[in-house]
Amino acid sequence: MFTNSLWALLPPVIAIVLALITKEVYSSLMIGIIAGGLLYANFNPVTAMNHIFVDGMIGQLSDPWNVGILIFLVVLGSVVMLMNRAGGSAAFGRWASEHVKTRVGAQLATMALGLLIFIDDYFNCLTVGSVMQPVTDKHRVSREKLAYLIDATAAPVCIIAPISSWAAAVTGFVDGANGLTLFIRAIPYNLYAFLTFAMIIMLTVGQFDYGPMKKAEEMLKKPEIPDPSMRHPSVTGSEDQPHPPVSGRGKVIHLILPIVSLIVCCIIGMIYTGGFFSGESFVDAFANADASVGLVYGSTVALLITIVFYLITRVLSFEECMNAVPEGFKSMVPAILILTLAWTLKGMTDSLGAADYVASLVESVAENGMVMSFLPAFVFVIGAFLAFATGTSWGTFGLLIPIVVSAFHSDINNELMIISISACMAGAVCGDHCSPISDTTIMASAGAQCKHISHVSTQLPYAMTAAAVSFVGYIISGFIRNWIITLPLGIAIMVVVMLVLKRLYSNK
């Protein structure tokens with residue numbers, strides 16, 4: 001009765017609306033999960049409970065991909081805690097304070113670092129957050145703004161980088177054609193990613209904000225709040241724990257070497273899982289990589305390298321290193337809990353057939369030749385809505401891309417198909433940004449040490465602005481079908497929109 005219909009989207013809608021209203025994400029997710037279980041079981045409480053815990057929560061936590069991501073989170077949390085205890089983060093903060101003189105510089109540096117780490121969005125979120133947090137705190141950039149800068153560069157840069165876990169995922173969803181070739185051709189049509197970058201630069205250089213973000217930024221101007229971290233004291237849940245003193249022997253190298261080790265080891269781990277050391281080319285190895293396993297390999301080796309390096313340089317003792325490992329685990333508990341609940345909610349939505357319902361909508365439009373020029377804009381909206389409701393961008397383009405390819409009979413020379421594939425990926429990232437149950441959004445909150453629902457509510461107006469301009473851009477692209485015209489035109493429209501918003505909010 002409730003499957004393969006609009007009812008299938010009700011559980012995530014309930015969770016999202018409640019989270020935005022109550023500002024409390026755990027109970028909101030649980031209520032959404034319970035609603036999904038009851039709908040699936042036709043309101044039989046016993047069957048619903050079995051579905052929620054056995055098929056849902058336990059099923060999601062038994063998934064190898066999800067378990068790999070949780071292990072990666074724990075190990076990365078330990079590495080970050082080690083860097084903090086060794087004084088590497090503090091030393092970098094002191095170094096950056098001498099070279100990054102302004103709030104604008106701190107925000108642009110955060111964006112630049114986010115663009116450089118294009119291998120994986122999870123890795124990007126947590127690494128950029130741990131590195132840039134001391135710098136943005138010093139220049140009184142709110143944690144909400146830091147979380148936005150992290151989130152707005154992590155997934156968008158990954159979705160336009162040919163060598164990334166996202167490119168590998170996309171190529172795996174394309175049958176009957178060279179997936180990597182289609183991905184590369186779709187890059188200049190990914191309007192949401194490029195318009196988001198343009199938006200960040202305009203907001204930062206123009207030194208203005210709007211919506212809830214404006215309030216968050218203005219809050220730091222109050223004299224009773226001398227530090228951004230004072231507005232988010234309970235993010236990690238570790239404020240009641242004893243805080244051992246940070247080593248006074250820490251230097252910048254004690255942050256740089258662990259970060260470089262993470263990047264190098266994670267790249268090696270990913271191409272290893274793709275068969276690079278068994279004769280596959282570098283590109284093919286990335287296309288076939290298992291990002292979850294590769295990140296676990298890479299982060300674990302980097303953790304060992306970090307511990308050995310700290311012991312050799314005597315910045316921390318062995319006992320201090322071992323004490324930092326479980327503390328790093330504790331710092332990731334809120335993110336792990338939200339991820340677990342979000343995955344369970346996704347399981348409820350999947351069991352109700354939400355994906356099949358949305359797929360039928362897309363297919364019905366693709367079969368209508370009269371509106372084919374509007375297909376990219378339609379696919380963008382459907383992709384954004386599905387990712388928003390399910391909290392997964394990979395699942396979204398994993399569902400929609402094969403439909404788009406089949407609608408054009410795998411005709412790789414059809415430019416409209418390329419535009420529609422790009423619109424699908426852009427919509428997935430857009431919905432992912434807007435959704436409080438998205439894993440990437442959760443990672444950005446964790447990386448910035450910002451309350452999750454605060455990040456969601458402040459980012460939403462920004463993501464919606466970029467989405468609106470992208471929607472207009474895809475309508476234009478459907479008719480012009482030339483990125484040399486549509487991409488600069490989209491950026492020009494975004495610049496105009498930003499100038500109008502600045503003028504409106506500067507007068508308030």
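Helix α21 first. Of its 20 residues, 19 are buried. So α21 is mostly covered. The geometry can be checked too. Helix α21 runs over residues 415-434. At 1.5 Å a residue it should span 28 Å, and its end C-alpha atoms are 29 Å apart, which agrees.

Keep in mind that this is a predicted model. So, confidence next. Mean pLDDT for the protein is 82. Residues at 70 or more make up 88%. Helix α11, residues 191-206, has the highest confidence, with a mean of 93. Helix α9, residues 165-172, has the lowest, at 66. Then there is the stretch 234-242. There pLDDT stays under 50. The model still has 13 contacts for that stretch beyond four places in sequence. A caution applies: where pLDDT is low, the predicted coordinates should not be read in detail.

Now the overall picture. The protein has 24 helices and 0 strands. It has 508 residues, and buried ones make up 57% of them. Take the contacts between residues at least 6 apart in sequence. Of these, 79% join residues at least 24 apart.

On to the cores. As background, nonpolar side chains in soluble globular proteins tend to be buried together. Here, the largest nonpolar core holds 74 residues. Which members touch the most other members? They are L29, L73, L82, Y310 and M443. Helix α4, residues 64-86, gives this core its largest share, 13 residues. Look at L82 in particular. Leaving out residues up to four places away in sequence, L82 touches L303, T306, I307, Y310, L316, C321 and A324. So two of the names I just listed for the core, L82 and Y310, are in contact. There is also a second, separate core, of 70 residues. Its members include F197, M199, M425 and A466.

Aromatics. The whole structure has 8 aromatic pairs. One of them is Y272 with Y297. The ring centres are 5.9 Å apart, the planes are at 65°, and the pair is edge-to-face. What does this pair tie together? Y272 lies in helix α13, residues 253-273, and Y297 lies in helix α15, residues 291-312, so the pair joins parts that are 25 residues apart in sequence. Y297 counts as partly exposed because its relative accessibility is 42%. Another pair is F309 with Y310. Their centres are 6.0 Å apart and their planes are at 45°, so this pair is tilted. Both partners are covered. F309 is buried at 16% relative accessible area. Y310 is buried at 0%. Recall that Y310 also appeared among the core residues that touch the most other members. Back to Y272 and Y297 for a moment. Ring pairs link these two with F276 and F277 into a cluster.

Cysteines. How many disulfides are there? The count is 0. Take C125 as a case. Its closest cysteine sulfur is in C158, 8.3 Å away. The cut-off is 2.5 Å, so C125 and C158 are too far apart for a bond. C158 is likewise in no disulfide, and its nearest cysteine sulfur is that of C125. Buried or exposed? C125 is buried, at 0% relative accessible area. C158 counts as buried as well, also at 0%.

Two single residues to finish. The first is S445. S445 sits in helix α22, residues 439-448. At 3% relative accessibility, S445 counts as buried. What does S445 touch beyond four places in sequence? Its contacts are C450, H452 and H455.

The second is V497. V497 is in helix α24, residues 483-506. Its relative accessibility is 26%, so V497 counts as partly exposed. Leaving out residues up to four places away in sequence, V497 touches T465 and V469. V469 is 28 residues away along the chain. The C-alpha atoms of V497 and V469 are separated by 8.4 Å.

How values were computed
Residues numbered from 1 in each chain as written. Predicted model: local features only at pLDDT ≥ 70, side-chain atom pairs only at ≥ 80, totals over all residues. Heavy atoms only, no water. Helix = DSSP H or I, 4+ residues; strand = E, 2+ residues; numbered from the N terminus. Buried < 20%, exposed > 50% of the residue type's maximum accessible area, 1.4 Å probe, protein only. Contact = heavy atoms within 4.5 Å. Expected span 1.5 Å × (residues − 1). pLDDT = per-residue confidence, 0-100. Phe/Tyr/Trp six-rings, centres within 6.5 Å; stacked < 30°, edge-to-face > 60°. Core = buried A, V, L, I, M, F, W, Y, C linked by side-chain atoms within 4.5 Å.
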